[in-house]
Amino acid sequence: MQHHIQTLVKHFFHKESLQEVTVNQLQQFIDDYPYSAVGQLLLAKKLRDTGAQNFVEQGGKASLYFHDPVWAGWVLRQEGNGNTAHAVGNKVFKITDQSP
């Protein structure tokens, strides 16, 4: 799924990865296009990746823009290596992709 995030970043921001886009650039994009589901999702993903405190709020807001909020949550939990991280309480469990 990380490939899809990179494709969106290249298209909208002309950068190679989400790491190259600042939170301020994403916030400005959302201010300019407040109903953009892509913008909301990318901001939530960036906040999650950087460990920002307001990730939960933005993640919830981003899920409102998608027909399938479970899918949006899954996208947000994806790590760059294809693994998925799940938080239970204050512990984080990683599920590793075992496919060949």
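How are α3 and α4 oriented relative to each other? They are roughly antiparallel. This is a predicted model. The briefing covers that helix pair, then the salt bridges, of which the structure holds three.

**How α3 and α4 pack**

- Two packed helices are described by the angle between their axes and the distance between the axes.
- Helix α3 spans residues 37–50, and helix α4 spans residues 55–63.
- Their axes come within 9 Å.
- The axes cross at roughly 155 degrees. Angles over 145 degrees count as roughly antiparallel, so α3 and α4 fall into that class.
- The crossing of the two helices is left-handed.

**Who makes the contact**

- From α3, the contact residues are Q40, L41, L43, A44, L47 and R48.
- From α4, the partners are F55, Q58, G59, K61 and A62.
- Sorted by class, the contact of α3 with α4 has six nonpolar residues, three polar ones and two charged ones.

**The salt-bridge network in α3**

- Side chains of opposite charge can pair when their charged atoms come close.
- K45, R48 and D49 are linked in a network of salt bridges.
- K45 pairs with D49, and their closest N and O atoms are 3.5 Å apart.
- K45 and D49 sit four residues apart in helix α3, so about one helical turn separates them.
- R48 also forms a salt bridge with D49. Here the closest N and O atoms are 3.8 Å apart.
- R48 has a second role, as one of the α3 residues in the contact with α4.

**Buried or exposed within the network**

- K45 counts as buried, because its relative accessibility is 1% and the cut-off for buried is under 20%.
- D49 is partly exposed, with a relative accessible area of 36%.
- R48 is partly exposed too, at 22% relative accessibility.
- The K45 to D49 bridge therefore joins a buried residue to a partly exposed one.

**The K10 and E16 pair**

- Another salt bridge brings together the side chains of E16 and K10.
- The N to O distance in this pair is 3.6 Å.
- K10 counts as partly exposed, at 41% relative accessibility.

Conventions: Residues numbered from 1 in each chain as written. Predicted model: local features only at pLDDT ≥ 70, side-chain atom pairs only at ≥ 80, totals over all residues. Heavy atoms only, no water. Axes fitted to C-alpha atoms, helices over the stretch in contact; angles between N-to-C directions. Parallel < 35°, antiparallel > 145°, perpendicular 65-115°, else oblique. Left-handed = near helix turned anticlockwise from the far one by under 90°. Contact = heavy atoms within 4.5 Å. Nonpolar A, V, L, I, M, F, W, Y, C, P; charged D, E, K, R; others polar. Salt bridge = Lys/Arg side-chain N within 4 Å of Asp/Glu carboxyl O. Buried < 20%, exposed > 50% of the residue type's maximum accessible area, 1.4 Å probe, protein only.
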